[in-house]
Amino acid sequence: MAEFAVWAPKPAQVRLDVEGAVYPMTRADDGWWQASVEAAPDARYGYLLDDDPQVLPDPRSPRQPDGVHARSQLWDAAAVNWSDGAWAGRSVDGAVIYELHVGTFTAEGTFHAAAEKLDYLVDLGVDFVELMPVNAFSGTQGWGYDGVLWYAVHEPYGGPDGLVRFVDACHGRGLGVLIDAVFNHLGPSGNYLPRFGPYLSSASNPWGEGINIADADSDEVRRYIIDCALRWMRDFHADGLRLDAVHALVDTTAIHILEELAAETDMLAAQLGRPLSLVAESDRNDPRLITRREDGGYGITAQWDDDIHHAIHAAVSGEQQGYYADFGSMAALAKTLRNGFFHAATYSSFRRRRHGRPLNTAQIPATRLLAYTCTHDQVGNRALGDRPSQNLTFGQLAVKAALVLLSPYTTMLFMGEEWGSTRPFQFFSSHPEAELARATAEGRKREFAEHGWEAAEIPDPQDPQTFQRSKLDWDETESGDHAALLDLYRDLIALRRTEPDLADPWLEHLSVDYDEDQRWIIVHRGRLRLVCNLSAQTVSVPVHGELMLSWGSPTLAADNVALEGYSFAVLRT
(Lines give C-alpha, C1' and ligand atoms only; values in the text may rest on other atoms or scores of the structure.)
Protein backbone atom coordinates (compact mmCIF):
# COMPACT_ATOMS: atom_id res chain seq x y z
CA MET A 1 0.00 0.00 0.00
CA ALA A 2 1.14 3.53 -0.76
CA GLU A 3 0.24 6.45 1.50
CA PHE A 4 -0.88 9.69 -0.14
CA ALA A 5 -1.43 12.98 1.70
CA VAL A 6 -1.99 16.55 0.57
CA TRP A 7 -2.70 19.77 2.44
CA ALA A 8 -5.72 21.32 0.72
CA PRO A 9 -7.90 23.40 3.08
CA LYS A 10 -9.56 25.32 0.21
CA PRO A 11 -11.55 22.68 -1.75
CA ALA A 12 -14.55 20.94 -0.24
CA GLN A 13 -13.58 17.66 -1.89
CA VAL A 14 -10.26 16.12 -2.91
CA ARG A 15 -9.91 12.86 -4.81
CA LEU A 16 -6.78 10.91 -5.66
CA ASP A 17 -6.02 9.84 -9.23
CA VAL A 18 -3.49 7.00 -9.59
CA GLU A 19 -2.83 5.95 -13.18
CA GLY A 20 -6.35 7.02 -14.17
CA ALA A 21 -8.13 5.27 -11.29
CA VAL A 22 -9.89 7.67 -8.90
CA TYR A 23 -10.08 7.15 -5.14
CA PRO A 24 -11.79 9.14 -2.36
CA MET A 25 -9.70 10.88 0.27
CA THR A 26 -10.45 11.59 3.93
CA ARG A 27 -10.02 15.07 5.35
CA ALA A 28 -8.67 15.81 8.82
CA ASP A 29 -9.48 18.94 10.81
CA ASP A 30 -6.13 20.51 9.89
CA GLY A 31 -6.89 20.51 6.15
CA TRP A 32 -4.82 17.43 5.28
CA TRP A 33 -6.41 14.80 3.02
CA GLN A 34 -5.23 11.19 3.11
CA ALA A 35 -5.72 7.91 1.27
CA SER A 36 -4.01 4.51 1.20
CA VAL A 37 -4.14 2.64 -2.12
CA GLU A 38 -2.21 0.02 -4.06
CA ALA A 39 0.29 1.72 -6.37
CA ALA A 40 3.46 0.76 -8.22
CA PRO A 41 6.70 2.36 -6.94
CA ASP A 42 6.82 4.58 -10.04
CA ALA A 43 3.08 5.22 -10.40
CA ARG A 44 1.88 8.52 -11.80
CA TYR A 45 -0.68 10.29 -9.67
CA GLY A 46 -2.39 13.60 -8.97
CA TYR A 47 -5.34 15.24 -7.26
CA LEU A 48 -8.84 16.26 -8.37
CA LEU A 49 -10.20 19.30 -6.54
CA ASP A 50 -13.98 19.60 -6.18
CA ASP A 51 -15.65 19.11 -9.59
CA ASP A 52 -12.71 20.21 -11.73
CA PRO A 53 -11.72 17.36 -14.08
CA GLN A 54 -8.09 18.54 -14.33
CA VAL A 55 -5.68 16.27 -12.46
CA LEU A 56 -3.23 18.52 -10.62
CA PRO A 57 0.31 17.58 -9.60
CA ASP A 58 1.17 17.04 -5.97
CA PRO A 59 2.40 20.27 -4.28
CA ARG A 60 5.11 18.09 -2.72
CA SER A 61 5.70 16.15 -5.91
CA PRO A 62 8.84 13.97 -5.77
CA ARG A 63 9.09 13.83 -9.57
CA GLN A 64 7.56 15.47 -12.67
CA PRO A 65 8.65 13.35 -15.66
CA ASP A 66 6.17 15.01 -18.04
CA GLY A 67 6.49 18.62 -16.94
CA VAL A 68 4.92 20.81 -14.28
CA HIS A 69 1.41 20.67 -15.73
CA ALA A 70 1.22 16.87 -15.71
CA ARG A 71 0.75 14.16 -13.10
CA SER A 72 3.39 13.60 -10.47
CA GLN A 73 5.32 10.35 -10.16
CA LEU A 74 6.26 8.42 -7.04
CA TRP A 75 9.99 8.38 -6.25
CA ASP A 76 11.38 6.82 -3.09
CA ALA A 77 14.44 8.62 -1.71
CA ALA A 78 14.97 5.78 0.76
CA ALA A 79 15.52 3.33 -2.11
CA VAL A 80 18.53 5.21 -3.51
CA ASN A 81 21.91 3.47 -3.37
CA TRP A 82 24.54 6.02 -2.29
CA SER A 83 28.29 5.47 -2.27
CA ASP A 84 29.22 8.56 -0.19
CA GLY A 85 29.10 6.89 3.20
CA ALA A 86 32.63 8.06 3.95
CA TRP A 87 31.77 11.70 3.19
CA ALA A 88 32.18 13.65 6.43
CA GLY A 89 30.94 16.90 4.91
CA ARG A 90 32.48 20.35 5.13
CA SER A 91 31.38 23.85 6.07
CA VAL A 92 31.37 26.73 3.59
CA ASP A 93 33.34 28.77 6.15
CA GLY A 94 36.31 30.18 4.22
CA ALA A 95 35.70 27.91 1.24
CA VAL A 96 35.97 28.54 -2.50
CA ILE A 97 32.56 28.02 -4.11
CA TYR A 98 31.91 27.49 -7.82
CA GLU A 99 28.47 28.62 -9.04
CA LEU A 100 27.17 26.92 -12.17
CA HIS A 101 24.01 26.61 -14.24
CA VAL A 102 23.48 22.96 -15.20
CA GLY A 103 21.90 23.77 -18.57
CA THR A 104 24.76 25.95 -19.84
CA PHE A 105 27.78 24.54 -18.00
CA THR A 106 28.17 21.92 -20.74
CA ALA A 107 26.91 21.45 -24.29
CA GLU A 108 24.60 18.65 -23.14
CA GLY A 109 23.23 20.62 -20.20
CA THR A 110 22.69 17.66 -17.86
CA PHE A 111 23.83 16.48 -14.44
CA HIS A 112 25.68 13.62 -16.13
CA ALA A 113 27.66 15.96 -18.38
CA ALA A 114 28.40 18.32 -15.47
CA ALA A 115 29.75 15.39 -13.46
CA GLU A 116 32.29 14.73 -16.20
CA LYS A 117 33.83 18.16 -15.42
CA LEU A 118 34.32 17.49 -11.70
CA ASP A 119 37.97 16.49 -12.05
CA TYR A 120 38.56 19.88 -13.68
CA LEU A 121 36.97 21.61 -10.68
CA VAL A 122 39.08 19.58 -8.25
CA ASP A 123 42.21 20.56 -10.19
CA LEU A 124 41.10 24.20 -10.08
CA GLY A 125 40.98 23.92 -6.30
CA VAL A 126 37.35 24.70 -5.47
CA ASP A 127 35.67 23.25 -2.39
CA PHE A 128 31.97 23.50 -3.28
CA VAL A 129 29.79 23.35 -6.35
CA GLU A 130 26.75 25.62 -6.11
CA LEU A 131 23.95 24.66 -8.49
CA MET A 132 21.59 27.35 -9.69
CA PRO A 133 17.99 26.20 -9.03
CA VAL A 134 17.26 22.65 -10.12
CA ASN A 135 13.64 22.57 -8.93
CA ALA A 136 10.93 21.83 -11.49
CA PHE A 137 9.96 24.79 -13.66
CA SER A 138 7.88 25.20 -16.82
CA GLY A 139 9.59 24.62 -20.16
CA THR A 140 12.86 22.93 -20.96
CA GLN A 141 15.38 25.70 -20.30
CA GLY A 142 15.52 28.65 -17.96
CA TRP A 143 17.45 30.06 -15.03
CA GLY A 144 15.31 28.00 -12.62
CA TYR A 145 14.01 30.90 -10.53
CA ASP A 146 10.49 30.39 -11.89
CA GLY A 147 10.05 27.10 -10.07
CA VAL A 148 6.53 25.99 -9.22
CA LEU A 149 7.08 22.50 -7.81
CA TRP A 150 9.87 23.07 -5.33
CA TYR A 151 10.24 19.44 -4.23
CA ALA A 152 10.79 17.99 -7.72
CA VAL A 153 14.01 18.07 -9.77
CA HIS A 154 13.95 19.54 -13.28
CA GLU A 155 13.64 16.54 -15.61
CA PRO A 156 15.66 17.83 -18.61
CA TYR A 157 18.69 18.00 -16.30
CA GLY A 158 18.26 14.33 -15.36
CA GLY A 159 15.54 14.35 -12.72
CA PRO A 160 16.06 13.17 -9.13
CA ASP A 161 18.18 10.17 -10.11
CA GLY A 162 20.52 12.42 -12.09
CA LEU A 163 20.92 14.79 -9.15
CA VAL A 164 21.67 11.87 -6.83
CA ARG A 165 24.44 10.63 -9.13
CA PHE A 166 25.87 14.14 -9.45
CA VAL A 167 26.00 14.77 -5.68
CA ASP A 168 27.41 11.28 -5.12
CA ALA A 169 30.14 11.98 -7.68
CA CYS A 170 30.97 15.33 -6.06
CA HIS A 171 31.35 13.78 -2.64
CA GLY A 172 33.52 11.04 -4.11
CA ARG A 173 35.95 13.75 -5.22
CA GLY A 174 35.84 15.74 -1.99
CA LEU A 175 33.52 18.45 -3.30
CA GLY A 176 30.61 19.78 -1.29
CA VAL A 177 27.32 20.69 -2.99
CA LEU A 178 25.07 23.70 -2.41
CA ILE A 179 21.66 23.97 -4.08
CA ASP A 180 20.05 27.32 -4.87
CA ALA A 181 16.56 27.34 -3.35
CA VAL A 182 13.89 29.94 -4.18
CA PHE A 183 11.25 30.44 -1.50
CA ASN A 184 10.28 34.08 -2.08
CA HIS A 185 7.99 33.65 -5.11
CA LEU A 186 6.53 31.12 -7.55
CA GLY A 187 6.78 31.04 -11.32
CA PRO A 188 3.94 32.20 -13.60
CA SER A 189 3.43 28.87 -15.38
CA GLY A 190 2.26 25.75 -13.55
CA ASN A 191 1.59 27.36 -10.18
CA TYR A 192 -1.43 25.43 -8.90
CA LEU A 193 -0.67 25.91 -5.20
CA PRO A 194 -3.29 28.67 -4.63
CA ARG A 195 -5.99 26.17 -5.63
CA PHE A 196 -4.98 23.92 -2.75
CA GLY A 197 -4.52 26.47 0.02
CA PRO A 198 -3.44 29.99 1.08
CA TYR A 199 0.13 29.76 -0.20
CA LEU A 200 0.25 33.39 -1.38
CA SER A 201 0.25 36.51 0.74
CA SER A 202 -1.11 40.03 0.35
CA ALA A 203 2.47 41.26 -0.09
CA SER A 204 4.27 41.32 -3.41
CA ASN A 205 7.83 41.58 -4.69
CA PRO A 206 9.45 42.34 -8.07
CA TRP A 207 8.74 38.79 -9.29
CA GLY A 208 5.06 38.52 -8.35
CA GLU A 209 2.91 37.74 -5.34
CA GLY A 210 4.72 36.98 -2.11
CA ILE A 211 4.57 33.75 -0.14
CA ASN A 212 2.28 33.56 2.88
CA ILE A 213 4.68 33.09 5.78
CA ALA A 214 3.06 35.47 8.27
CA ASP A 215 -0.62 35.93 7.37
CA ALA A 216 -3.53 33.78 8.53
CA ASP A 217 -3.13 30.02 7.97
CA SER A 218 0.58 30.43 7.24
CA ASP A 219 1.87 27.70 9.58
CA GLU A 220 1.53 24.95 6.97
CA VAL A 221 3.07 27.18 4.29
CA ARG A 222 6.10 27.75 6.51
CA ARG A 223 6.26 23.99 7.05
CA TYR A 224 6.09 23.51 3.27
CA ILE A 225 9.15 25.74 2.84
CA ILE A 226 11.20 24.29 5.68
CA ASP A 227 10.42 20.68 4.75
CA CYS A 228 11.50 21.42 1.18
CA ALA A 229 14.77 22.94 2.35
CA LEU A 230 15.52 19.98 4.60
CA ARG A 231 14.63 17.55 1.79
CA TRP A 232 17.47 18.82 -0.42
CA MET A 233 19.95 18.21 2.39
CA ARG A 234 18.51 14.96 3.72
CA ASP A 235 17.24 13.10 0.63
CA PHE A 236 19.75 14.47 -1.90
CA HIS A 237 22.72 14.75 0.49
CA ALA A 238 23.31 18.42 -0.35
CA ASP A 239 25.74 20.10 2.03
CA GLY A 240 23.68 23.26 2.22
CA LEU A 241 21.52 25.75 0.38
CA ARG A 242 21.87 29.14 -1.19
CA LEU A 243 18.66 30.99 -0.26
CA ASP A 244 17.51 33.36 -2.99
CA ALA A 245 16.66 36.99 -2.17
CA VAL A 246 15.69 36.49 1.46
CA HIS A 247 14.94 40.21 1.76
CA ALA A 248 11.76 39.42 -0.22
CA LEU A 249 10.50 37.09 2.54
CA VAL A 250 8.03 39.28 4.41
CA ASP A 251 7.84 37.79 7.90
CA THR A 252 6.30 39.81 10.73
CA THR A 253 6.23 36.95 13.24
CA ALA A 254 8.38 36.93 16.37
CA ILE A 255 10.49 34.03 15.10
CA HIS A 256 11.60 34.80 11.55
CA ILE A 257 11.36 31.87 9.16
CA LEU A 258 15.10 32.13 8.48
CA GLU A 259 15.87 31.70 12.17
CA GLU A 260 13.48 28.75 12.29
CA LEU A 261 15.07 27.19 9.20
CA ALA A 262 18.59 27.71 10.58
CA ALA A 263 17.65 25.99 13.83
CA GLU A 264 16.14 23.00 12.05
CA THR A 265 19.11 22.81 9.70
CA ASP A 266 21.42 22.59 12.69
CA MET A 267 19.28 19.81 14.15
CA LEU A 268 19.42 17.90 10.85
CA ALA A 269 23.20 18.36 10.73
CA ALA A 270 23.45 16.81 14.20
CA GLN A 271 21.31 13.87 13.10
CA LEU A 272 23.33 13.31 9.92
CA GLY A 273 26.68 13.83 11.60
CA ARG A 274 27.97 16.31 9.02
CA PRO A 275 27.94 20.13 8.73
CA LEU A 276 25.18 21.84 6.77
CA SER A 277 25.37 25.45 5.60
CA LEU A 278 22.82 28.09 4.69
CA VAL A 279 24.06 30.92 2.47
CA ALA A 280 21.59 33.76 2.01
CA GLU A 281 21.30 36.36 -0.71
CA SER A 282 20.28 39.63 0.92
CA ASP A 283 20.63 43.27 -0.15
CA ARG A 284 19.91 44.72 3.30
CA ASN A 285 23.44 44.68 4.74
CA ASP A 286 21.89 43.50 8.01
CA PRO A 287 24.38 41.66 10.25
CA ARG A 288 21.55 40.01 12.19
CA LEU A 289 21.24 37.54 9.33
CA ILE A 290 24.69 36.04 10.03
CA THR A 291 24.81 36.70 13.77
CA ARG A 292 24.54 33.61 15.95
CA ARG A 293 21.10 32.87 17.37
CA GLU A 294 22.47 32.93 20.92
CA ASP A 295 23.59 36.51 20.21
CA GLY A 296 20.19 37.58 18.92
CA GLY A 297 20.70 36.85 15.21
CA TYR A 298 19.15 34.40 12.75
CA GLY A 299 22.11 32.04 12.69
CA ILE A 300 22.52 31.86 8.89
CA THR A 301 25.98 30.52 8.01
CA ALA A 302 26.94 33.20 5.47
CA GLN A 303 25.53 35.73 3.04
CA TRP A 304 26.36 37.14 -0.38
CA ASP A 305 28.00 40.56 -0.17
CA ASP A 306 27.26 42.69 -3.22
CA ASP A 307 29.10 45.67 -1.72
CA ILE A 308 32.40 43.83 -2.15
CA HIS A 309 31.51 43.02 -5.76
CA HIS A 310 30.46 46.60 -6.49
CA ALA A 311 33.55 48.11 -4.88
CA ILE A 312 35.96 45.87 -6.81
CA HIS A 313 34.11 45.99 -10.14
CA ALA A 314 33.60 49.75 -10.16
CA ALA A 315 37.20 50.47 -9.11
CA VAL A 316 38.65 48.18 -11.78
CA SER A 317 36.20 48.80 -14.64
CA GLY A 318 35.27 52.44 -14.06
CA GLU A 319 31.53 51.68 -14.33
CA GLN A 320 29.50 53.93 -12.03
CA GLN A 321 25.97 53.82 -13.37
CA GLY A 322 22.99 52.54 -11.37
CA TYR A 323 23.90 50.85 -8.11
CA TYR A 324 27.63 51.40 -8.81
CA ALA A 325 27.18 55.16 -8.30
CA ASP A 326 28.66 55.27 -4.79
CA PHE A 327 31.60 53.05 -5.72
CA GLY A 328 34.61 53.41 -8.02
CA SER A 329 37.07 55.23 -5.76
CA MET A 330 40.04 53.61 -4.08
CA ALA A 331 38.65 54.91 -0.78
CA ALA A 332 35.40 53.01 -1.33
CA LEU A 333 37.31 49.87 -2.23
CA ALA A 334 39.54 50.13 0.85
CA LYS A 335 36.59 50.82 3.15
CA THR A 336 34.64 47.83 1.84
CA LEU A 337 37.57 45.41 2.03
CA ARG A 338 38.22 46.50 5.64
CA ASN A 339 34.62 46.57 6.87
CA GLY A 340 32.68 44.01 4.80
CA PHE A 341 29.84 46.44 4.10
CA PHE A 342 30.27 49.79 2.36
CA HIS A 343 26.74 50.92 3.17
CA ALA A 344 26.49 50.57 6.93
CA ALA A 345 23.84 53.02 8.15
CA THR A 346 25.15 55.39 5.46
CA TYR A 347 23.43 57.18 2.60
CA SER A 348 22.93 55.22 -0.63
CA SER A 349 22.46 57.50 -3.62
CA PHE A 350 20.97 54.63 -5.66
CA ARG A 351 18.31 54.00 -3.01
CA ARG A 352 18.09 57.69 -2.02
CA ARG A 353 18.07 56.75 1.66
CA ARG A 354 20.25 55.50 4.47
CA HIS A 355 21.10 51.83 4.05
CA GLY A 356 22.65 48.98 6.00
CA ARG A 357 24.05 48.52 9.46
CA PRO A 358 27.70 48.27 10.62
CA LEU A 359 29.19 44.81 10.92
CA ASN A 360 30.69 43.98 14.32
CA THR A 361 34.05 42.80 13.00
CA ALA A 362 35.15 41.71 16.46
CA GLN A 363 32.21 39.31 16.69
CA ILE A 364 31.51 38.25 13.08
CA PRO A 365 34.38 36.73 11.05
CA ALA A 366 34.85 37.77 7.44
CA THR A 367 34.14 34.21 6.32
CA ARG A 368 30.44 34.79 6.92
CA LEU A 369 30.42 37.09 3.90
CA LEU A 370 30.86 35.91 0.30
CA ALA A 371 33.11 37.87 -2.05
CA TYR A 372 33.04 37.44 -5.85
CA THR A 373 34.03 39.16 -9.08
CA CYS A 374 30.74 38.18 -10.73
CA THR A 375 27.65 36.02 -10.21
CA HIS A 376 24.78 34.85 -12.39
CA ASP A 377 22.95 38.01 -11.27
CA GLN A 378 25.77 40.47 -11.88
CA VAL A 379 26.19 39.06 -15.40
CA GLY A 380 22.75 37.85 -16.44
CA ASN A 381 20.86 40.88 -15.18
CA ARG A 382 22.82 43.17 -17.49
CA ALA A 383 20.98 44.12 -20.67
CA LEU A 384 23.18 41.94 -22.90
CA GLY A 385 24.28 39.42 -20.30
CA ASP A 386 27.88 40.44 -20.97
CA ARG A 387 30.63 39.21 -18.66
CA PRO A 388 33.45 41.42 -17.32
CA SER A 389 35.76 39.41 -19.60
CA GLN A 390 33.94 40.83 -22.62
CA ASN A 391 34.80 44.40 -21.60
CA LEU A 392 38.01 44.29 -19.55
CA THR A 393 41.61 43.34 -20.21
CA PHE A 394 43.08 40.13 -18.84
CA GLY A 395 45.13 42.28 -16.47
CA GLN A 396 41.96 43.82 -15.04
CA LEU A 397 40.42 40.36 -14.65
CA ALA A 398 43.56 39.19 -12.87
CA VAL A 399 43.46 42.12 -10.43
CA LYS A 400 39.81 41.42 -9.63
CA ALA A 401 40.56 37.75 -9.04
CA ALA A 402 43.45 38.54 -6.69
CA LEU A 403 41.40 41.00 -4.64
CA VAL A 404 38.68 38.38 -4.12
CA LEU A 405 40.68 35.16 -3.75
CA LEU A 406 43.30 36.64 -1.42
CA SER A 407 40.69 38.33 0.76
CA PRO A 408 39.63 36.93 4.16
CA TYR A 409 36.10 36.39 2.87
CA THR A 410 34.53 33.13 1.75
CA THR A 411 34.81 33.36 -2.04
CA MET A 412 32.76 32.33 -5.03
CA LEU A 413 33.45 32.01 -8.75
CA PHE A 414 30.86 32.05 -11.51
CA MET A 415 31.39 29.33 -14.10
CA GLY A 416 33.84 30.33 -16.81
CA GLU A 417 35.22 33.42 -15.10
CA GLU A 418 38.42 31.54 -14.25
CA TRP A 419 39.51 31.55 -17.88
CA GLY A 420 37.79 34.79 -18.93
CA SER A 421 34.99 33.12 -20.90
CA THR A 422 33.83 35.27 -23.80
CA ARG A 423 30.39 33.69 -23.82
CA PRO A 424 27.62 35.86 -22.33
CA PHE A 425 25.22 34.58 -19.72
CA GLN A 426 21.91 35.98 -20.91
CA PHE A 427 18.44 35.77 -19.46
CA PHE A 428 16.60 32.89 -21.18
CA SER A 429 13.27 31.12 -20.72
CA SER A 430 11.07 28.64 -22.57
CA HIS A 431 7.51 29.29 -21.46
CA PRO A 432 5.21 27.07 -23.57
CA GLU A 433 2.30 29.55 -23.33
CA ALA A 434 2.45 31.99 -26.26
CA GLU A 435 1.02 34.92 -24.30
CA LEU A 436 3.40 34.45 -21.39
CA ALA A 437 6.35 34.05 -23.76
CA ARG A 438 5.47 37.31 -25.49
CA ALA A 439 4.98 39.14 -22.18
CA THR A 440 8.37 37.92 -20.92
CA ALA A 441 10.18 39.14 -24.04
CA GLU A 442 8.38 42.48 -24.12
CA GLY A 443 8.91 43.04 -20.40
CA ARG A 444 12.64 42.50 -20.77
CA LYS A 445 12.86 45.01 -23.63
CA ARG A 446 10.70 47.53 -21.74
CA GLU A 447 12.85 47.20 -18.60
CA PHE A 448 16.06 48.13 -20.39
CA ALA A 449 14.47 50.73 -22.66
CA GLU A 450 14.08 52.80 -19.49
CA HIS A 451 17.88 52.77 -19.22
CA GLY A 452 18.50 53.85 -22.80
CA TRP A 453 18.82 50.53 -24.60
CA GLU A 454 17.26 50.01 -28.03
CA ALA A 455 14.66 47.24 -27.99
CA ALA A 456 16.36 45.48 -30.90
CA GLU A 457 19.57 45.13 -28.87
CA ILE A 458 17.95 43.16 -26.03
CA PRO A 459 18.13 39.38 -26.53
CA ASP A 460 14.75 37.65 -26.71
CA PRO A 461 14.62 35.30 -23.66
CA GLN A 462 12.40 32.89 -25.61
CA ASP A 463 14.75 32.62 -28.60
CA PRO A 464 16.56 29.24 -28.33
CA GLN A 465 19.72 30.99 -29.57
CA THR A 466 19.76 33.13 -26.42
CA PHE A 467 20.12 29.91 -24.45
CA GLN A 468 22.70 28.46 -26.85
CA ARG A 469 24.83 31.62 -26.76
CA SER A 470 25.04 31.30 -22.99
CA LYS A 471 26.71 27.88 -23.03
CA LEU A 472 30.38 27.79 -22.09
CA ASP A 473 33.01 27.23 -24.77
CA TRP A 474 35.46 24.88 -23.07
CA ASP A 475 37.94 25.08 -25.96
CA GLU A 476 38.86 28.56 -24.71
CA THR A 477 40.57 27.08 -21.65
CA GLU A 478 43.50 25.95 -23.79
CA SER A 479 44.17 29.14 -25.73
CA GLY A 480 46.59 32.00 -25.03
CA ASP A 481 45.61 34.47 -22.34
CA HIS A 482 42.60 32.34 -21.37
CA ALA A 483 44.92 29.50 -20.36
CA ALA A 484 47.22 31.92 -18.55
CA LEU A 485 44.31 33.36 -16.55
CA LEU A 486 43.15 29.84 -15.67
CA ASP A 487 46.64 29.03 -14.39
CA LEU A 488 46.54 32.20 -12.30
CA TYR A 489 43.23 31.20 -10.71
CA ARG A 490 44.74 27.83 -9.79
CA ASP A 491 47.76 29.54 -8.27
CA LEU A 492 45.67 32.05 -6.32
CA ILE A 493 43.43 29.33 -4.90
CA ALA A 494 46.47 27.21 -4.00
CA LEU A 495 48.10 30.17 -2.24
CA ARG A 496 44.86 30.89 -0.39
CA ARG A 497 44.77 27.30 0.81
CA THR A 498 48.42 26.90 1.84
CA GLU A 499 49.50 30.31 3.19
CA PRO A 500 48.77 30.60 6.96
CA ASP A 501 48.44 34.40 6.85
CA LEU A 502 45.54 34.04 4.42
CA ALA A 503 43.60 31.83 6.83
CA ASP A 504 43.01 34.65 9.33
CA PRO A 505 39.24 35.41 9.17
CA TRP A 506 39.25 38.58 11.30
CA LEU A 507 38.91 41.94 9.54
CA GLU A 508 40.47 43.69 12.52
CA HIS A 509 43.78 42.09 11.49
CA LEU A 510 43.55 43.42 7.93
CA SER A 511 44.76 46.85 6.87
CA VAL A 512 44.74 48.70 3.55
CA ASP A 513 46.86 51.49 2.05
CA TYR A 514 46.04 53.19 -1.25
CA ASP A 515 46.75 56.16 -3.49
CA GLU A 516 43.64 57.68 -5.04
CA ASP A 517 45.48 59.52 -7.80
CA GLN A 518 47.88 56.77 -8.86
CA ARG A 519 45.19 54.10 -8.21
CA TRP A 520 47.27 51.56 -6.39
CA ILE A 521 46.19 49.63 -3.32
CA ILE A 522 48.00 47.43 -0.79
CA VAL A 523 46.11 44.85 1.26
CA HIS A 524 48.13 43.79 4.33
CA ARG A 525 47.46 40.28 5.68
CA GLY A 526 50.04 39.19 8.23
CA ARG A 527 53.41 39.18 6.46
CA LEU A 528 51.75 39.12 3.03
CA ARG A 529 51.11 42.17 0.87
CA LEU A 530 48.73 42.12 -2.09
CA VAL A 531 49.80 45.09 -4.22
CA CYS A 532 47.49 46.04 -7.11
CA ASN A 533 47.73 48.64 -9.85
CA LEU A 534 44.24 49.60 -11.04
CA SER A 535 45.50 52.12 -13.58
CA ALA A 536 46.71 51.68 -17.16
CA GLN A 537 50.12 53.26 -16.38
CA THR A 538 53.10 51.78 -14.57
CA VAL A 539 53.24 52.92 -10.94
CA SER A 540 55.81 52.67 -8.18
CA VAL A 541 54.35 51.46 -4.87
CA PRO A 542 56.26 52.00 -1.59
CA VAL A 543 56.38 48.41 -0.41
CA HIS A 544 59.02 45.68 -0.58
CA GLY A 545 59.37 41.97 0.00
CA GLU A 546 59.91 38.58 -1.59
CA LEU A 547 57.83 38.01 -4.75
CA MET A 548 55.44 35.07 -4.40
CA LEU A 549 52.96 35.50 -7.26
CA SER A 550 52.15 38.13 -9.85
CA TRP A 551 50.37 39.06 -13.04
CA GLY A 552 52.67 41.03 -15.28
CA SER A 553 56.37 41.65 -14.66
CA PRO A 554 56.88 43.62 -11.45
CA THR A 555 60.24 45.25 -10.79
CA LEU A 556 61.37 44.94 -7.19
CA ALA A 557 63.64 47.50 -5.56
CA ALA A 558 64.86 47.94 -1.99
CA ASP A 559 61.95 50.13 -0.96
CA ASN A 560 59.33 49.84 -3.71
CA VAL A 561 57.83 47.67 -6.43
CA ALA A 562 57.03 48.94 -9.92
CA LEU A 563 53.82 47.46 -11.33
CA GLU A 564 52.75 47.53 -14.96
CA GLY A 565 49.29 48.83 -15.77
CA TYR A 566 46.49 46.55 -14.55
CA SER A 567 48.69 44.09 -12.70
CA PHE A 568 49.39 42.85 -9.19
CA ALA A 569 52.08 41.25 -7.07
CA VAL A 570 51.95 39.23 -3.87
CA LEU A 571 54.93 39.92 -1.62
CA ARG A 572 56.10 38.38 1.66
CA THR A 573 57.80 40.92 3.90
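Reader: How much area does the protein expose, and what share of it do carbon and sulfur atoms supply?
Author: This is a predicted model, in which local features need pLDDT of at least 70 and side-chain atom pairs count only at pLDDT 80 or more, while totals for chains, interfaces and linings use all residues. Residues are numbered from 1 along each chain as its sequence is written, and side-chain values use heavy atoms, with hydrogens and water left out. By the Shrake-Rupley method with a 1.4 Å probe, where for residues only the protein chains shown count as cover, the protein exposes about 22,100 Å², and the share from carbon and sulfur atoms is 47%.

Reader: Is S61 buried or exposed?
Author: S61 sits in the loop between β6 (44–49) and β7 (72–73), strands being DSSP runs (E, at least two residues) numbered from the N terminus. Buried means under 20% relative accessible area, exposed over 50%, and partly exposed in between (1.4 Å probe, protein chains only). Because its relative accessibility is 1%, S61 counts as buried.

Reader: Which residues is S61 in contact with, leaving aside its neighbours within four places in sequence?
Author: Contact here means heavy atoms within 4.5 Å. With those sequence neighbours set aside, the residues in contact with S61 are Y45, S72, Y151 and A152.

Reader: Which backbone oxygen lies 2.9 Å from a polar atom of the side chain of S61?
Author: The side chain of this buried residue, S61, has a polar atom with a backbone oxygen at 2.9 Å. That oxygen belongs to R63.

Reader: What percentage of the 573 residues in the protein is buried?
Author: The protein has 573 residues, and S61 counts among the buried ones. Buried residues make up 58%.

Conventions:
Helices (H or I, at least four residues) and strands (E, at least two) are DSSP runs, numbered from the N terminus. A polar contact is a pair of N or O atoms within 3.5 Å; within protein, one must be able to donate a hydrogen and the other to accept it, and residues adjacent in sequence count only if both atoms are side-chain atoms.
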